[in-house]
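Biologist: I would like to learn how to read this structure. Where should we begin?

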Amino acid sequence: MATSFDSEKILVKLDKLTENLHHMKVEHSAQQQRLQDIEESVLNQGPKGEKGESGCGVSQSTPRRVAFSVARTTSFTAKFAGATLPFTTIFTNTGNGFITSSSHFRAPVNGSYFLTYFYISASNKEAHVFLYVNGQRKVGAYGHATSSSNANFGTGTNQIVLNLQAGDEAWLQVVGSGQVVHSNGNTYTTFTGFLLFENCGN
């Protein structure tokens, strides 16, 4: 025969079962809501877009690393004013921006480029060398040596940072007809440049 104590124990167990059942119903309802939200999110998604182009809106085949360094191993005499100073030795041409046939550097990508050159004028001579971009003079250098100078040679050099568009060309010109830019196996005369960074807004 059940006592009042047993009845109380049964009531306590029923209360716990009822409470557990309530928690299970709440959790089940929450899971159903999460599933519904996921289904609605999937249904509301539009069609998958096409893959975008990489960095700066250019194709991945475009060279990202651009650097060149070239030199002369013999002297050059300008046969006419404004003659292009040609270079015969290539140390570096990463990105294939330097064109050997014309001795022009052609920018492969839009960006900011550092360009520099150095040369020696012939003994007791003077030589003006200017850097041009797309036919426009940017910077110049002047090398002049007199018979009283110790080395008997003059030097000229300059540097510049330019924002170039892909396809822009830079080169060196000897200003005066008959001016001589000296060099030999020591490769005194050089032309160097490299990409600092791409300009995505250009």
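Modeller: Begin with contacts: two residues are in contact when they have heavy atoms within 4.5 Å. Keep in mind that this is a predicted model. Now take Leu 131. Leaving out residues up to four places away in sequence, Leu 131 touches Leu 115, Tyr 117, Gln 136, Arg 137, Lys 138, Val 139, Leu 162, Trp 171, Leu 172 and Phe 191.

Biologist: Which residues touch the most other members of the largest nonpolar core?

Modeller: General idea first. In soluble globular proteins, nonpolar side chains tend to be buried together. Here the largest nonpolar core has 31 residues. Leu 131 is one of those that touch the most other members, along with Phe 105, Tyr 113, Leu 115, Tyr 117, Leu 172 and Phe 191. Several strands give two or more residues to this core, among them E1 (67-71), E7 (111-121), E8 (126-133) and E9 (136-144). Strands E10 (154-164), E11 and E13 (190-198) do so too.

Biologist: How many helices and strands does the protein have?

Modeller: There are one helix and 13 strands. Along the sequence, the pattern opens with α and continues with β.

Biologist: What share of contacts joins residues at least 24 apart?

Modeller: Take contacts between residues at least 6 apart in sequence. In this protein, 69% of them join residues at least 24 apart.

Biologist: And burial? What percentage of the residues is buried?

Modeller: The cut-off is under 20% relative accessible area. Of the 202 residues, 32% are buried. The accessible surface of the protein is about 12600 Å², and carbon and sulfur atoms account for 53% of that.

Biologist: Let us try the cut-off on a charged residue. Is Glu 169 buried or exposed?

Modeller: Glu 169 has a relative accessible area of 19%, so this residue counts as buried. Glu 169 sits in strand E11 (residues 169-174).

Biologist: Which residues are in contact with Glu 169?

Modeller: Set aside neighbours within four places in sequence. Glu 169 then contacts Ile 99, His 104, Phe 105, Arg 106, Tyr 132, Val 133 and Asn 134. Phe 105 also appeared among the core residues that touch the most other members.

Biologist: How far apart are Tyr 132 and Glu 169 in sequence and in space?

Modeller: They are 37 residues apart in sequence and 8.2 Å apart in space, C-alpha to C-alpha. Tyr 132 lies in strand E8 and is buried, at 16% relative accessible area. Beyond residues up to four places away, Tyr 132 touches Arg 137, Glu 169, Ala 170, Trp 171 and Gln 173.

Biologist: Next, salt bridges. How many does the structure hold?

Modeller: Look for a side-chain nitrogen of Lys or Arg within 4 Å of a carboxyl oxygen of Asp or Glu. The structure holds two such bridges. In one, Arg 106 pairs with Glu 169, with the closest N and O atoms 2.8 Å apart. Arg 106 is in strand E6 (residues 104-106) and Glu 169 in strand E11, so the pair ties together parts 63 residues apart in sequence. Arg 106 is partly exposed at 40% relative accessibility, whereas Glu 169 is buried at 19%.

Biologist: Which residue forms a salt bridge with Glu 198?

Modeller: Arg 64 does, and the closest N and O atoms are 2.7 Å apart. This pair links distant parts of the chain, 134 residues apart. Glu 198 is in strand E13, while Arg 64 is in the loop between helix H1 (4-44) and E1. Glu 198 is partly exposed, at 21% relative accessibility. Arg 64 is partly exposed as well, at 32%.

Conventions: Residues are numbered from 1 along each chain as its sequence is written. This is a predicted model: local features need pLDDT of at least 70, side-chain atom pairs count only at pLDDT 80 or more; totals for chains, interfaces and linings use all residues. Side-chain values use heavy atoms; hydrogens and water are left out. Helices (H or I, at least four residues) and strands (E, at least two) are DSSP runs, numbered from the N terminus. Buried means under 20% relative accessible area, exposed over 50%, partly exposed in between (1.4 Å probe, protein chains only). Accessible areas come from the Shrake-Rupley method with a 1.4 Å probe; for residues, only the protein chains shown count as cover. A nonpolar core is a set of buried Ala, Val, Leu, Ile, Met, Phe, Trp, Tyr and Cys residues joined through side-chain atoms within 4.5 Å.
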